[in-house]
Structure formats: structure tokens, C-alpha cells
Amino acid sequence: MDSAAPAPDTRKDLVGLSREELLAEMTAMGAEPFRVRQLWHWIYNRGVTDIAAMTTLSKPFRAALAERYVVGRPGVARALTSVDGTRKWLLRLGDAQEVECVHIPEEDRGTLCVSSQVGCTLNCTFCHTGTQRLVRNLTAAEIVGQVMLARDALGEWPSPQDDRQLTNIVLMGMGEPLYNFDNVAQALKIVMDHEGLSLSRRKITLSTSGIVPMIRRCGEELGVNLAISLHAVTDALRDVLVPINRKYPLAELLDACRTYPGASNARRITFEYVMLKDVNDSPAEARELVRLLAGIPAKVNLIPFNPWPGAPYERSTAAAIKAFSDIVNAAGYSSPVRTPRGEDIMAACGQLKSASVKRRRSELLKDEAAAQTP
Ligand code: SAH
Ligand code: SF4
């Protein structure tokens with residue numbers, strides 16, 4: 001080994017620790033409990049990553065902290081900005097795995113689409129993320145880190161009270177958040193903490209393909225908004241499009257929605273419905289959707305299918321989407337059609353990860369070419 005190489009940094013990251021865990025760390029180093037609050041403020045309200053800049057702490061204490069800890073951020077492998085202002089970050093994690101995170105600015109809000117896993121173990125047939133083979137859960141630090149990094153890039157420190165560019169969070173990136181509930185919950189509790197990042201649970205939406213046994217816990221422990229990736233109105237079709245339906249069929253899923261804690265007409269459950277040409281987009285299916293949603297405080301979000309290389313589906317025609325939306329609207333449900341954002345940087349729903357996979361492939365080819373060059 002090269003003796004000049006720096007020793008690997010074994011210091012612990014303070015980001016992602018709960019207040020209780022932070023207290024345990026402080027106690028272990030002989031510091032007073034009130035240090036937790038001070039550190040929390042510097043890390044999550046001020047966004048400071050350099051412990052030396054935490055000026056309300058004494059210099060010797062800062063030095064002692066810096067010996068043991070860092071305040072980290074995920075590495076950015078590449079950052080892209082779409083012509084429509086959407087920004088996408090490809091994050092490189094400690095073990096060189098990659099995930100994506102997308103910021104979507106709109107007139108009255110700015111939404112951050114956060115990933116919960118590297119890839120996804122489920123294989124919804126229309127979703128590119130589902131074709132990724134390698135899967136692991138993100139840690140709480142890696143989930144909170146996406147929010148911190150976006151705040152860095154948007155220049156939103158200290159946590160602003162008003163006029164934020166990052167107002168909403170949706171767990172609609174890569175992965176199934178309810179299959180990584182503990183880490184997602186720990187991360188969201190940090191994100192919602194009033195003395196830190198301070199995003200209200202009302203501005204956070206968790207999207208699930210329908211992991212029924214976890215839905216109630218999500219409502220009780222986190223109280224965030226719920227979105228359900230429905231996509232079909234019969235078990236026969238949903239079994240194909242969203243194969244987890246074979247385990248948790250429509251009737252059970254809709255029951256869990258009916259009793260979701262905190263759902264009301266003011267806080268409706270969003271049903272996401274991807275529009276696939278000649279697969280699930282007929283007027284009869286729109287009418288059946290309305291029938292299924294009876295008794296649930298619901299709104300419908302129609303997502304025109306976003307194609308990816310090799311996808312076995314096509315996007316519904318604009319006329320089919322309009323006819324579908326009109327039927328759902330007439331029944332009293334709001335059913336906006338989601339405008340694809342950031343398509344030019346492959347940041348739209350269901351396209352995440354493809355860019356990095358493509359790049360990997362081209363790098364691989366380059367490597368192969370280099371290996372063959374004498
Ligand atoms: N795994 C969770 C969270 C991901 S959310 C879930 O499935 O709910 C991503 C949303 O985009 C989901 O509603 C998903 O069904 C939808 N989606 C996936 N692939 C898509 C595609 N190619 N075009 C449009 N929407 C897609
Ligand atoms: Fe996973 Fe959601 Fe994609 Fe299905 S739609 S494969 S659950 S990320």
C-alpha cells in the first residue's frame with residue numbers, strides 16, 4: 001500500500017441520527033445533554049457542514065467533536081438541469097451505489113422527489129426502476145441527505161420561514177418506501193422536526209405500490225399524506241402491472257385506504273394512475289375507478305406513461321387521457337393530469353436511474369475498448 005495515502009476517514013456522520021441517538025453520542029463523549037439542541041440547530045437549521053463553524057460551541061469542544069464526527073452529504077456524481085428548471089442529482093453513496101433525487105419548481109411550490117432504496121425489489125412492468133437488479137435500502141442519513149443537498153443547491157439555509165423553493169417532499173423516487181419503513185420514518189421525523197428542516201407532515205407525501213400491512217403504521221407514526229400507485233381497476237390487470245397485487249389485492253388495499261389515519265376531505269389520498277395506451281385507459285375503466293373509490297376521500301393523479309428504452313408500453317393518446325379525466329372529474333374527484341417534468345434529463349416519473357445505467361453501459365464499452373487497445 002502507498003504509505004502516502006491518507007488513512008480512511010472513520011469518523012461518524014452526525015446526519016441521520018435521531019435526537020435520542022445524538023444524545024447517546026454526546027453522553028458517551030462526556031458532553032452535556034443541551035449540546036444536542038445546539039448541534040441540531042447547526043446541522044438542520046443552519047445547514048453547516050464544518051464543525052469549526054459552529055461558533056456557539058467552545059473551540060475545544062468543536063475540536064473534540066471534529067475528531068470523532070463529520071456532518072456529511074451524499075456525493076454528487078452529476079447534476080443536471082432541465083430546460084423547464086427541473087434539477088436532478090445523481091448521488092454516489094459510500095459504497096458507490098447511485099440514486100437519484102429530483103427538484104421540480106412550480107409557480108407556487110417546489111417539490112423534491114426523494115428516493116428510498118437503490119432500485120426496487122418490485123417489478124411493476126411499466127417502471128424502469130423496477131428493472132434494476134441491485135437493490136438495497138437507503139439509510140436514514142442517505143434519505144435526509146437528499147433534502148440537505150437540495151437545500152445546499154437552492155441556497156436555503158438557514159431554514160426559511162416563507163418563500164421557500166423547497167416546500168414539498170414526495171417519496172416518489174426510486175424504491176418502495178414501505179419496504180424500508182424504519183429508515184424512512186427516522187428520516188422523515190428529522191425532516192419534520194420544528195427546530196430543524198421543519199417541513200410539515202402536510203407537505204410530505206409517501207407513495208406506495210400498496211404494502212397493505214404497513215399503511216396504517218405510516219399514518220399513525222408519521223401522519224404524512226398517502227399516495228397509492230393504483231394503475232388498474234381489476235385484480236387481473238393489476239396482478240400484471242403491479243405484481244405485489246397478488247399478495248395484497250385491490251379489496252384489501254382499498255380497505256386500508258378507507259381506514260387510513262388522518263385521511264379526510266381536506267386531506268385526501270392520492271391515487272396515481274399511469275395512462276397506458278389500450279391497456280388501462282378506457283372509459284369503462286374510468287367508470288370502474290369511480291366505483292372503487294366510493295367512500296374514500298380521494299383524488300386521482302393521471303400520469304401519462306413516460307417511456308424508457310425497451311419499455312413494453314406506449315403513452316395513452318391525449319384524447320383518451322382527456323376522456324378518462326372527464327369521467328373521473330364528473331364524479332366529483334379532482335383528476336389532474338401530471339405534466340411530465342424534466343423529460344430531457346430523464347427525471348420524469350418512472351425514468352429514474354436509466355440515465356446512470358446508460359452511462360454505466362457506455363463507460364463499460366469504453367473500458368472494454370481501452371482494454372483491447374494495446
Ligand atoms: N415505489 C413507490 C414509489 C415510487 S413513486 C410506488 O410505486 O408508489 C413513482 C410513481 O411513478 C409511481 O406511482 C409509479 O407507479 C409511477 N411510475 C413508474 N414508472 C412510470 C412510468 N414509466 N411512467 C409514468 N409513471 C411511472
Ligand atoms: Fe418499485 Fe414503485 Fe417502480 Fe413498482 S412503481 S417497480 S414499486 S418503484
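# Notebook: helix packing, a buried leucine and salt bridges

I began with helix α2 (residues 35-45) and found this helix mostly covered, with eight of its eleven residues buried. I note at the outset that the model is a predicted one.

**Entry 1. Helix α2**

I listed the buried positions of α2 as R35, V36, L39, W40, W42, I43, Y44 and N45. I then asked which elements the buried residues of α2 pack against. I found α1, α3 (59-68), α4 and α5 on that list. I also looked at what comes after the helix: α2 is followed by G47, and the phi of G47 is positive, near 75°.

**Entry 2. Helices α4 and α5**

Two of the partners of α2, namely α4 and α5, also pack on one another, so I looked up their geometry. I recorded an angle of about 40° for α4 and α5, and a distance of 8 Å between their axes. That angle makes α4 oblique to α5. I noted the crossing of the two helices as right-handed.

For the contact itself, I recorded A140, I143, V144 and V147 on the α4 side. On the α5 side I recorded N183, V184, Q186, A187, I190 and V191. I sorted the residues of this contact by class and obtained eight nonpolar, two polar and no charged.

I kept one general point in mind while reading such lists: an α-helix has 3.6 residues a turn, so residues three or four places apart point the same way.

**Entry 3. Helices α5 and α6**

I next followed α5 to its contact with α6. Helix α5 (residues 181-192) and helix α6 (residues 212-222) pack at an angle of about 20°, and their axes are 11 Å apart. Are these two helices roughly parallel or roughly antiparallel? I entered them as roughly parallel to each other, because angles under 35 degrees count as such. I recorded that α5 passes α6 in a right-handed crossing.

From α5, I found F181, D182, A185, L188, K189 and M192 in this contact. They meet M214, R217, C218, E221 and L222 of α6. By class I counted seven nonpolar, no polar and four charged residues in the contact of α5 with α6.

**Entry 4. L302**

I then turned to a single residue, L302, and placed L302 in strand β13. Is L302 buried or exposed? I found L302 buried, with a relative accessible area of 0%.

I looked up what surrounds L302, leaving aside neighbours within four places in sequence. The contacts of L302 are Y273, M275, I321, F324, S325, S335, P336, V337 and R338. I also noted a separation of 9.1 Å between the C-alpha atoms of L302 and H231, which lie 71 residues apart along the chain.

**Entry 5. Salt bridges**

How many salt bridges does a search of the whole structure find? I recorded 22. As background, side chains of opposite charge can pair when their charged atoms come close. I examined three of the pairs individually.

I found E25 in a salt bridge with K12, with the closest N and O atoms 2.6 Å apart. This pair links distant parts of the chain, since E25 belongs to helix α1 (residues 19-28) and K12 to strand β1 (residues 12-13), 13 residues apart. I noted E25 as buried at a relative accessible area of 16%, whereas K12 counts as partly exposed at 40%.

I next recorded a salt bridge between the side chains of R73 and D152 (2.7 Å, N to O). R73 lies in the loop between β2 (69-70) and β3 (75-81), and D152 lies in helix α4 (residues 140-154), so this pair ties together parts 79 residues apart in sequence. I noted R73 as partly exposed at 23% relative accessible area, and D152 as partly exposed at 33%.

The third pair I examined was K277 and E314, whose side chains meet at 3.9 Å, N to O. K277 lies in the loop between β12 (269-275) and α9 (283-292), and E314 in the loop between β13 (298-304) and α10 (318-330), so the pair ties together parts 37 residues apart in sequence. I found K277 partly exposed, with a relative accessible area of 32%, and E314 exposed, with 52%.

Finally, I noted that salt bridges with shared partners join R19, R37, D193 and E195 into one network.

Terms used. Residues are numbered from 1 along each chain as its sequence is written. Chains are lettered from A and ligands numbered from 1 in the order in which they are written. This is a predicted model: local features need pLDDT of at least 70, side-chain atom pairs count only at pLDDT 80 or more; totals for chains, interfaces and linings use all residues. Side-chain values use heavy atoms; hydrogens and water are left out. A salt bridge is a side-chain nitrogen of Lys or Arg within 4 Å of a carboxyl oxygen of Asp or Glu. Helices (H or I, at least four residues) and strands (E, at least two) are DSSP runs, numbered from the N terminus. Buried means under 20% relative accessible area, exposed over 50%, partly exposed in between (1.4 Å probe, protein chains only). Axes are lines fitted to C-alpha atoms, for helices over the stretch in contact, and angles run from 0 to 180 degrees between N-to-C directions. Angles under 35 degrees count as roughly parallel, over 145 as roughly antiparallel, 65 to 115 as roughly perpendicular and the rest as oblique. A crossing is left-handed if the near helix is turned anticlockwise from the far one by less than a right angle, and right-handed if clockwise. Contact means heavy atoms within 4.5 Å. Ala, Val, Leu, Ile, Met, Phe, Trp, Tyr, Cys and Pro count as nonpolar, Asp, Glu, Lys and Arg as charged, and the others, Gly among them, as polar.
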